[in-house]
Amino acid sequence: MHGYGVRADQVRIDWSELMRFKRTFTEPVPKETEASMAKAGIATFHGGARFVGRTAVQVGDDVLEGRHVAVAAGARPADLKIPGAELLTTSDRFLELDSLPERILFVGGGYISFEFAHVAARAGTRVTILHRGERPLHRFDPDLVGRLMGRTRELDVDVQVRAEVMSISSGSAGLRVHAVVNGEEREFVADLVVHGAGRVPEIGDLHLTEAGIEWDARRGIKVNEYLQSISNPAVYAAGDAAASGPPLTPVAVYEGKIVAQNLLRGNQLKPNYQGVPTVVFSIPPLASAGLLEHEARELGLHFQTNIQDTSSWYSSRRIREECSGFKVLVEEGTERILGAHLLGQEAGEIINLFALAIRRGLPRSDLLDTIYSYPTNASDIRYMV
Ligand SMILES: Cc1cc2nc3c(=O)[nH]c(=O)nc-3n(C[C@H](O)[C@H](O)[C@H](O)COP(=O)(O)OP(=O)(O)OC[C@H]3O[C@@H](n4cnc5c(N)ncnc54)[C@H](O)[C@@H]3O)c2cc1C
């Protein structure tokens, strides 16, 4: 907005200050959570848990036996089988850094790399993202991802695709990342190399075979429609550790509640993952709910694809946002919204309205008939459907 009505001498990110502020949110959580559990009559044990029988779990010296066991062990960064993998910084460690170095390289182009890259670049760090495939952010609409990549490059983030990291070593000038980019060998040098190459269920140390629990190393504990282990009915799983819905916080919470209900009342509830929204919190954000275009095609659905660049719309122009657009899939006949993909200011909020429409099977006429507050970004919805 500089030159368009807003003046500021210097706007910059002070990373250390930001971290101190962040900790005021994160640090109280473990204590408060444990206190609320104690209040609810839940005993807590600290340490790595592992199965020692079909319904027995050991934590330190304690062996706990239950009628049921619920596993909610989450996920961890996938093992990268390359020389020097131990030099990688995890996302957990990145979020604890007291200061940012001059050069950061992200291995993998998922949402974690993009979100961190957008912050780090704006904090003055030189950022590189190396992504193995053709296009990063594979769970998002490829056309909008293309635009976000353009915007990310405008921030001077070096985004390389078809770039496979082969090894990492440490040298006097920093960490040396050896990669094959478009078939050519290249070397990148950075002060920090961050793992953004995917996460896997954290179930390796649980000794699942002791309890007869089947799992898939990439997807998690194999569960039935009630989130119950397919091979040990006394065990349930929820969240990232379960081979169930997408690995997202609200999905983990939703599944946790279903598991709790099914444990207490017998198998009654089945999860429904229709319209789960997901967001890349870059600037601008990129959001998605429902089916991607290729998924809808693979399902043989007949639909209309509404796609548009919205950078000339008032909602983008008034804040000088030059990178925005949408793609909305509307089923022919039923007029139901099959998928919504948004890039731009407030995309992370507006996607929730689409999530509701997709989940409830609302036709486009219901979205057209809604009176939206104006001038908000949500009021653009009627031009998207
Ligand atoms: C950098 C980053 C950013 C993310 N951003 C978003 C976002 O913006 N929105 C969103 O929806 N999701 C986001 N996610 C994903 C989200 O964090 C997960 O989907 C969510 O935390 C899963 O919840 P969970 O309860 O299954 O597992 P977790 O929250 O991972 O909790 C599992 C817990 O179990 C513990 N544990 C593991 N093994 C054992 C064991 N053997 N014994 C005892 N304890 C054990 C772990 O230490 C952990 O504390 C992000 C993830 C990362 C890494």
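Let's begin on the surface, where Met1, Tyr4, Val6 and Ile319 form a nonpolar patch whose accessible area comes to about 350 Å² together. Keep in mind as you look around that this is a predicted model. One member of the patch, Ile319, sits in the loop between α8 (314–317) and β20 (325–331). Ile319 counts as partly exposed because its relative accessibility is 31%, which lies between the 20% limit for buried and the 50% limit for exposed.

From that loop, step back into helix α8, where you will find Ser316. Here the picture changes: Ser316 has a relative accessibility of 5%, so it counts as buried. Its side chain has a partner too, since the side chain of Ser316 reaches the backbone oxygen of Thr310 at 3.4 Å.

Now let's turn to the charged residues. The structure holds 18 salt bridges, and a few of them are worth a visit. In one, the side chains of Asp143 and Lys327 meet, with 2.6 Å from N to O. This pair links distant parts of the chain, as Asp143 belongs to helix α5 (residues 142–154) and Lys327 to strand β20, 184 residues apart. The two partners fall into separate accessibility classes: Asp143 is partly exposed, with a relative accessible area of 38%, while Lys327, at 1% relative accessibility, counts as buried. Asp143 and Lys327 also belong to a network of salt bridges, in which they are linked with Asp141, Glu293 and Arg297.

Stay with helix α5 for another pair. The side chains of Arg151 and Glu321 meet in a salt bridge, at 2.5 Å from N to O. Arg151 lies in helix α5 and Glu321 in the loop between α8 and β20, so this salt bridge ties together parts that are 170 residues apart in sequence. You may recall that loop as the place of Ile319. Both Arg151 and Glu321 are buried.

A further salt bridge joins Lys270 and Glu225, whose closest N and O atoms are 3.6 Å apart. Lys270 lies in the loop between α6 and β17 (278–280), and Glu225 lies in the loop between β15 (220–221) and β16 (235–237), so the pair ties together parts that are 45 residues apart in sequence. Lys270 is partly exposed, with a relative accessible area of 45%, and Glu225 is partly exposed with a relative accessible area of 45% as well.

Our last stop is the ligand. Of the 22 residues around it, Ala49, Ala73, Tyr111, Asp240 and Thr249 come nearest. Three of these make polar contacts that you can look for. A polar side-chain atom of Tyr111 lies 3.1 Å from a nitrogen atom of the ligand. Asp240 also uses a polar side-chain atom, which lies 2.9 Å from an oxygen atom of the ligand. Thr249, on the other hand, offers a polar backbone atom, and an oxygen atom of the ligand is 2.9 Å from it. Taken alone the ligand exposes 990 Å², and the protein buries 63% of that.

Which helices each supply at least two residues of the shell around the ligand? They are α4 (111–122) and α6 (249–265). Sorted by class, the shell has 13 nonpolar residues, six polar ones and three charged ones.

Terms used: Residues numbered from 1 in each chain as written. Predicted model: local features only at pLDDT ≥ 70, side-chain atom pairs only at ≥ 80, totals over all residues. Heavy atoms only, no water. Near = heavy atom within 4 Å. Polar contact = N/O pair within 3.5 Å; in protein donor to acceptor, adjacent residues only side chain to side chain. Areas by Shrake-Rupley, 256 points an atom, 1.4 Å probe, with all protein chains shown as cover. Helix = DSSP H or I, 4+ residues; strand = E, 2+ residues; numbered from the N terminus. Nonpolar A, V, L, I, M, F, W, Y, C, P; charged D, E, K, R; others polar. Patch = residues over 30% accessible without salt bridge, like charges linked within 9 Å, V, L, I, M, F, W, Y side chains within 5 Å. Salt bridge = Lys/Arg side-chain N within 4 Å of Asp/Glu carboxyl O. Buried < 20%, exposed > 50% of the residue type's maximum accessible area, 1.4 Å probe, protein only.
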